[in-house]
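This report introduces a protein model to a reader who has not seen it before. Please have the sequence and the structure at hand while reading.

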Amino acid sequence: MSLRRLRDSRIDAMGTLLIEVDTEKDAAKETEWQGEPTRVDELGDDKKPGKRYRSVRVGDEFIAVGDCIYLTPEEKGQGCEIGRVSDMYELSKGQRMVLVQWFWRPEHIELPDEMIVHRKEVFISDTHDENPIEAVERKCNVIQLRDSDAIDAHLDMEPHTFFFRKLYDPALHEFSLEIPTMPQPACSNVSAPAVSKTAPVVKEKEPVSAAKEKGSAQAVKQKEAAPAAKEKEPASSRKERAAKRRKTDDSDELQAQAQAHAEAPTPAETPTLAEAPTPAAVAPQAAVVQPAVVTPPNRSSKLSTTNKLDIVMQQLDEHKEKLDATLTRIGSLEDSVRELTTILKKNGQRS
């Protein structure tokens, strides 16, 4: 059986796992970095040194930064986790990791009663988390639609293709149309309409208990050749940890701003009335009388105005002369018309 047919037999068109999870086989999944790496001093959650890559081969499929991928769920019959690859790297101890931006499936969220969700709709979030490469199943497509866009038949029937319209905040349990700017995933082969940047912000609040556990995904062991390999965490713990870390980062930033404000130097104090110098202590100064400056009238401007008036009057006289000549011609034409009329009448009477 080919690797492509093997992938299709593992996951259906909606990203549901069709077979039992085998952690040993998943840990032995064939992966190979593509291209030359870049050495980086701080990578991953632990800020450890390692090598960054732009692409990796998983089985017979090549996955690059920007692609959308399935990640193995906890057990058979569950939908695969969906994420967008933000980074990929190998740490100094041999752990091969991918950093993903999470999409949330509707079945992993307690939706408000009034919200209607399409079967292929997911919700983007701004939480990121790292996962072992062995957790990657295959690529999928996720495109962005506006809230007013209709779902065409091609998108509805395309396998392994999903769409998102709203941002989901797992920490606040809120939905919003204000989606952070992100490039179209490289994996998407379905054209999506342009997204309006001026879309109004609409938030629909869920109950406080809305963030349901996303189900713990199975622990995937690293290859024995990679010492101290990092086990794959359950999907719910990965996402919840990313959300908590984001909340903690925001809190730390607010504390840092408050501390900086408290440590800011106070402005110099103004002297009190007792410290202010008395009039007697001020040395008298001789008053200096400045001569008044008289601005002479601008004769040139008056002259220029007079000249302009003369020119205008001259032009009016010329137009008047032309008008008089025209009226004289009109009078002559009227006389000629009268003479012709008289002659025609006489000729008519004779005939």
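## Confidence of the model

Over residues 184-232 the pLDDT (the predictor's confidence in each residue, from 0 to 100) stays under 50, and the model has 143 contacts beyond four places in sequence for this stretch; a contact means heavy atoms within 4.5 Å. Residues 267-284 also have a pLDDT below 50, but this stretch has 0 contacts in the model beyond near neighbours in sequence. Where pLDDT is low, the predicted coordinates should not be read in detail.

The protein averages a pLDDT of 75, and 62% of the residues score at least 70. Among its elements, strand 13 (residues 204-205) has the lowest mean pLDDT, 40, and strand 6 the highest, 97. Helices (H or I, at least four residues) and strands (E, at least two) are DSSP runs, numbered from the N terminus.

This is a predicted model, in which local features need pLDDT of at least 70 and side-chain atom pairs count only at pLDDT 80 or more, while totals for chains, interfaces and linings use all residues. Residues are numbered from 1 along each chain as its sequence is written, and side-chain values use heavy atoms, with hydrogens and water left out.

## Nonpolar cores

A nonpolar core is a set of buried Ala, Val, Leu, Ile, Met, Phe, Trp, Tyr and Cys residues joined through side-chain atoms within 4.5 Å; buried means under 20% relative accessible area, exposed over 50%, and partly exposed in between (1.4 Å probe, protein chains only). The largest such core has 22 residues, of which V56, I63, I69, M88 and F123 touch the most other members. Strand 4 (55-58), strand 6 (68-71), strand 7 (81-91) and strand 8 (96-104) each supply at least two residues of this core. Strand 8 gives the most, with 4 residues.

Leaving aside residues up to four places away in sequence, I69 touches residues including I63, I82, V85, V100 and C140. A second, separate core of 16 residues includes F103, V122, I124 and C140.

## Two loop residues with positive phi

K47 is not a glycine, yet has a positive phi of about 55°. K47 lies in the loop between strand 2 (38-43) and strand 3 (48-53), and counts as exposed because its relative accessibility is 54%.

H160, also not a glycine, has a positive phi of about 55°. This residue is placed in the loop between helix 3 (153-157) and strand 11 (161-169). H160 counts as buried, because its relative accessibility is 9%.
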